[in-house]
Amino acid sequence: MFYYKKGFTLIELIIVISILWLLVLLSVPPVGSGGPSRSERRFNNEAKDCFLNQRFLSGAIEMYNMDNTEMIDSALPGKDFEGIIHLLIDKNYLKDHFELPTDECSYGFINMTNDGQVFCKKHGSIGSTYQNIKIPKYDKNLEIPFSSTYKKIREEKRQEFLDKKKEEEDIKHRKNFLNNPILPISILVFSILFAIYSAFTQKKGIKE
């Protein structure tokens, strides 16, 4: 009489899961103690996008100043910047408002007609680091808050940025998962174990 055992026992499932979990642990790189902190890594990631906005803005101002006799020189974060950004968009020097890496990103610029620089109140000017945020000196008491209309635009652009980043992260995670060697290794190990188990149960069934 032939008897074929169906399915895995609890012990066999535990063994297989333990092996797969061990492979997962081995695939995770160790975290170095001498690397940048979590806050610094976050700052650096945000600053990449923030500095990109600053480059676009700096280029737009430079082009505007080359084409117009009444040049753009300085604008403080807030209402001053709001007026300039609308001007650059209306004159087609910028395509649209910036997508903001953080809610705290607020741009301004000082002395652009004489080698000045654009800066962000959160990340500083291009080249700033987590330990050294470079912001030109100016009287912060002169800042005028954004209008309610522009605040709404900022919120919309911030959400667009978050949606785009989430989509990019999802794609990146899928690629990393598919490219991770743990996946084919796990499938191979599981297939070998399943083949051994199947052969063992068939042999046991024949004997019985």
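Start by selecting Phe119 and Tyr138: both are buried, meaning under 20% relative accessible area, while exposed is over 50% and partly exposed is in between (1.4 Å probe, protein chains only). What you have open is a predicted model, where local features need pLDDT of at least 70 and side-chain atom pairs count only at pLDDT 80 or more, while totals for chains, interfaces and linings use all residues. Residues are numbered from 1 along each chain as its sequence is written, and side-chain values use heavy atoms, with hydrogens and water left out.

**Rings**

Keep those two residues on screen. Phe119 and Tyr138 make a tilted aromatic pair, 5.5 Å centre to centre with 35 degrees between the planes. Rings of Phe, Tyr and Trp (its six-membered ring) pair if their centres lie within 6.5 Å; planes under 30 degrees apart count as stacked, over 60 as edge-to-face, and the rest as tilted. This pair links distant parts of the chain, with Phe119 in strand β2 and Tyr138 in the loop between β3 and α4, 19 residues apart. Helices (H or I, at least four residues) and strands (E, at least two) are DSSP runs, numbered from the N terminus.

Now add Lys140, which lies over the face of Tyr138, 4.8 Å from the ring centre. To qualify, NZ of Lys or CZ of Arg has to be within 6 Å of the ring centre and within 35 degrees of the ring normal.

Next, pick Phe146 and Tyr150, both buried. For a third stop, show Phe81, Phe98 and Tyr107, which ring pairs link into a cluster. The count of aromatic pairs comes to six.

**Along α3**

Phe81 also takes you to α3, where it is one of the buried residues, along with Glu82, Ile84, Ile85, Leu88 and Ile89. Try the end-to-end distance: the 12 residues of α3 should span 16 Å at 1.5 Å a residue, and the end C-alpha atoms are 17 Å apart, which agrees. The expected span is 1.5 Å times one less than the number of residues. Following α3, click on Asn92, whose phi is positive, near 65 degrees.

**Charges**

Time for the salt bridges: a search of the whole structure finds 11. Each is a side-chain nitrogen of Lys or Arg within 4 Å of a carboxyl oxygen of Asp or Glu.

Select Arg158 and Asp103, whose side chains meet in a salt bridge (3.5 Å, N to O). Arg158 lies in helix α4 (residues 148-179) and Asp103 in the loop between α3 and β1 (107-110), so the pair ties together parts that are 55 residues apart in sequence. Arg158 is buried at 16% relative accessible area, whereas Asp103 is exposed at 59%.

Go on to Glu104 and Lys122, a salt bridge with its closest N and O atoms 3.7 Å apart. Lys122 is partly exposed, at 27%.

Further along, select Lys166 and Asp170: their closest N and O atoms are 3.3 Å apart in another salt bridge. Both sit in helix α4, four residues apart, about one turn of the helix. Then show Asp49, Lys165 and Glu168, linked in a network of salt bridges.

**Last stop: Met71**

Find Met71 in the loop between α2 (38-67) and α3 (79-90). Is Met71 buried or partly exposed? At 45% relative accessibility, Met71 counts as partly exposed. Leaving out residues up to four places away in sequence, Met71 touches Asn65 and Thr113, where contact means heavy atoms within 4.5 Å. Met71 and Thr113 are 42 residues apart in sequence, with 7.3 Å between their C-alpha atoms.
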